[in-house]
Amino acid sequence: MRTVLTVENLKVEYSTKRGKVKAVRDVSVELFEGETLAVMGESGSGKTTFALAILKLLPLSGKISSGRILYRKNGNEYDVSSMSEKEIKEKIRWKEIAMVFQAAQNSFNPLMKIWDHIKDTVKDHNIRMDKNTLLSKSEELLKLLQLEPKRVLNAYPHELSGGMKQRTLIALSLILDPSILILDEPTTALDILTQRNILELLKNIKKKMNLSMILISHDLAIAAELADRVATFYAGVLIEIGSVFDVFYNPKHPYTKGLINSVPTVSRDKQLYSIPGSPPDLVFLPSGCKFHPRCEYKVDRCENEEPRLEYVESDHYVACWRWREL
Ligand SMILES: Nc1ncnc2c1ncn2[C@@H]1O[C@H](COP(=O)(O)OP(=O)(O)OP(=O)(O)O)[C@@H](O)[C@H]1O
Ligand SMILES: [Mg+2]
């Protein structure tokens, strides 16, 4: 399988009054052509920061303190991490790697019609596209997302439902035929039928456009359905990664196990599990494994040394000192 994106030893910190928030700490991961990688983990575990860093869209207080981001296309390799803002804007952002932002449905300007939003986005990204091409491309994509193009383009945001706004945002992200699409919580805050509908559309689009996707989602069911591989984030690090099948049916990290057992199921009458404690303070991190204060399996070593990802099987890796015994 060909790699389209390589993230190497990525570290991101935010400067705050309390000190440095270590939001992403030494994350390395590859994205393969045509695959969907789901990223899961509790609120505050660094998922959005990881995505924003790939596109170099961190707020001013956020800095990539080390690591490389390599994008590959047609045998060429681009080191995004060393590109200037101008170069990224010209070559990468939106054209090669696009993103649907978390909770962006609320960021539409209520006074602007959707068509004006589309024109603005294109202008913001320094994209030269004549009006007719942009219009026909927008119509084509809106249709692909099962929206009525004319109606949507002429609508104000409040005239669209949450699901329609989200589909519009997905269409907008695809306007320059990117190879990689990052979706940050694309179905959160939508009702279950709307979620299903968006999921089906994403599956279709992915196939049609041969996209590689990074899907950030709290919702494990969505990850399971759409992804080929899943990665679990905890306190800014990747603690487990593997195929959906391996990770969901044979999770090795106590935290991933906890996440999976805390999902309610309609059909199974099973006791719901909740992971005790809360995520650590990312300014003053605990020693050793960052999960140890919450882990029922911890031993002395877990308090002193942070485990790194270890090979489990095929493409399954876990960062836990005790995975073999559990
Ligand atoms: N602009 C910022 N300034 C300071 N700290 C920030 C900033 N943005 C995020 N953080 C902190 O960085 C950490 C990671 O945040 P991030 O938004 O990446 O998490 P997340 O996994 O996407 O969470 P959620 O599931 O709630 O979206 C958190 O501790 C958060 O408080
Ligand atoms: Mg987030």
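Which residues form one aromatic cluster with Y234? Select Y234, Y255 and F291, and you have the cluster on screen. Keep in mind as you look around that this is a predicted model.

**Stop 1: the aromatic pairs**

Stay with two members of that cluster. Y255 and F291 make an edge-to-face pair, with 5.4 Å from centre to centre and 65° between the planes. Colour the chain by sequence position here: Y255 belongs to helix α10 (residues 254-261), while F291 sits in the loop between α10 and α11 (300-304), so their pairing ties together parts that are 36 residues apart in sequence. Both Y255 and F291 are buried.

Now select Y311 and Y317. Their ring centres are 5.6 Å apart and their planes meet at 70°, so this pair is edge-to-face. Turn on the surface to see how far each is covered: Y311 is partly exposed, with a relative accessible area of 47%, and Y317 is partly exposed too, at 33%. If you would like to hunt for others, a search of the whole structure finds 8 aromatic pairs.

Before moving on, show R301 and W321. Here R301 lies over the face of W321, at 3.6 Å from the ring centre.

**Stop 2: helix α3**

Next, select residues 114-124, which make up helix α3. Show the side chains of I114, W115, H117, I118, T121 and V122, the buried residues of this helix. Look down the axis: these residues cover an arc of only 160°, which puts them on the same side of α3. Why can such a pattern arise? An α-helix has 3.6 residues a turn, so residues three or four places apart point the same way.

Rotate to the other side of α3 and you will meet K123 and D124, which are exposed. Back on the buried side, add α4 (131-144), α5 (149-153) and α6 (162-173) to the view, since the buried residues of α3 pack against them. Just after α3 comes N126, with a positive phi near 55°.

**Stop 3: helix α7**

Finally, select residues 192-209 for helix α7. Try a distance between its end C-alpha atoms: they are 26 Å apart, which agrees with the 26 Å that 18 residues should span at 1.5 Å a residue.

At the start of this helix, zoom in on D191, where a side-chain oxygen comes within 3.1 Å of the backbone nitrogen of L193. Then highlight the buried residues of α7: T194, Q195, I198, L199, L201, L202, I205 and K206. What covers them includes β3 (36-40), α4, α6, β7 (180-184), β8 (212-216) and α8 (220-226). End at N210, which follows α7 and has a positive phi near 50°.

Conventions
Residues numbered from 1 in each chain as written. Chains lettered and ligands numbered in written order. Predicted model: local features only at pLDDT ≥ 70, side-chain atom pairs only at ≥ 80, totals over all residues. Heavy atoms only, no water. Buried < 20%, exposed > 50% of the residue type's maximum accessible area, 1.4 Å probe, protein only. Helix = DSSP H or I, 4+ residues; strand = E, 2+ residues; numbered from the N terminus. Arc of directions from axis to C-beta. Contact = heavy atoms within 4.5 Å. Expected span 1.5 Å × (residues − 1). Polar contact = N/O pair within 3.5 Å; in protein donor to acceptor, adjacent residues only side chain to side chain. Phe/Tyr/Trp six-rings, centres within 6.5 Å; stacked < 30°, edge-to-face > 60°. Lys NZ or Arg CZ within 6 Å of the ring centre and 35° of its normal.
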